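Here's a quick briefing on a few local features worth a look in the viewer. Have the sequence and the coordinates open side by side as you go.

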Amino acid sequence: MAELIEGIEVLGEWGINVIISKLDPNDTATVSCVSKKFKVWASDDLIWASHCFNDLNLNSPVDPFGNTVPSFKV
């Protein structure tokens, strides 16, 4: 597994973010469980903002009561 992560790191953070941004929300969550590094990469707020906009039509992060929150990850 470590070799795979090292190989992927060659792409750089931008390349990894592009790949993860192509995943659906379930796959993004699954990828975050692979390692600590994947968790950081898959936790990017811009990725989750995109998922929330595309899947839920949310333009800003809100809690279940409709109150604005600081992040889509909260």
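A contact here means heavy atoms within 4.5 Å. Keep in mind that this is a predicted model. Three spots get a look below: an aromatic pair, a backbone angle and a residue with its contacts.

**The aromatic pair**
- Searching the whole structure turns up 1 aromatic pair.
- That pair is F38 with W41, and the arrangement is edge-to-face, with 5.0 Å centre to centre and 75° between the planes.
- The 75° angle counts as edge-to-face because the cut-off for that class is over 60 degrees.
- Why are F38 and W41 separated by about one helical turn? They sit 3 residues apart in helix α4, which covers residues 36–42.
- As for solvent, F38 and W41 are both buried.

**N57 and its phi**
- Most residues other than glycine have a negative phi.
- N57 isn't a glycine, yet its phi is positive, near 60°.
- You'll find N57 in the segment after α5.
- Is N57 buried or exposed? With a relative accessible area of 59%, N57 is exposed, since the exposed class starts over 50%.

**V69 and its contacts**
- V69 is also something to look for in the segment after α5, the helix spanning 45–56.
- Its relative accessibility is 18%, so V69 counts as buried; the cut-off is under 20%.
- Which residues does V69 touch, leaving out those up to four places away in sequence? The contacts are P61, V62 and D63.

Key:
Residues are numbered from 1 along each chain as its sequence is written. This is a predicted model: local features need pLDDT of at least 70, side-chain atom pairs count only at pLDDT 80 or more; totals for chains, interfaces and linings use all residues. Side-chain values use heavy atoms; hydrogens and water are left out. Helices (H or I, at least four residues) and strands (E, at least two) are DSSP runs, numbered from the N terminus. Buried means under 20% relative accessible area, exposed over 50%, partly exposed in between (1.4 Å probe, protein chains only). Rings of Phe, Tyr and Trp (its six-membered ring) pair if their centres lie within 6.5 Å; planes under 30 degrees apart count as stacked, over 60 as edge-to-face and the rest as tilted.
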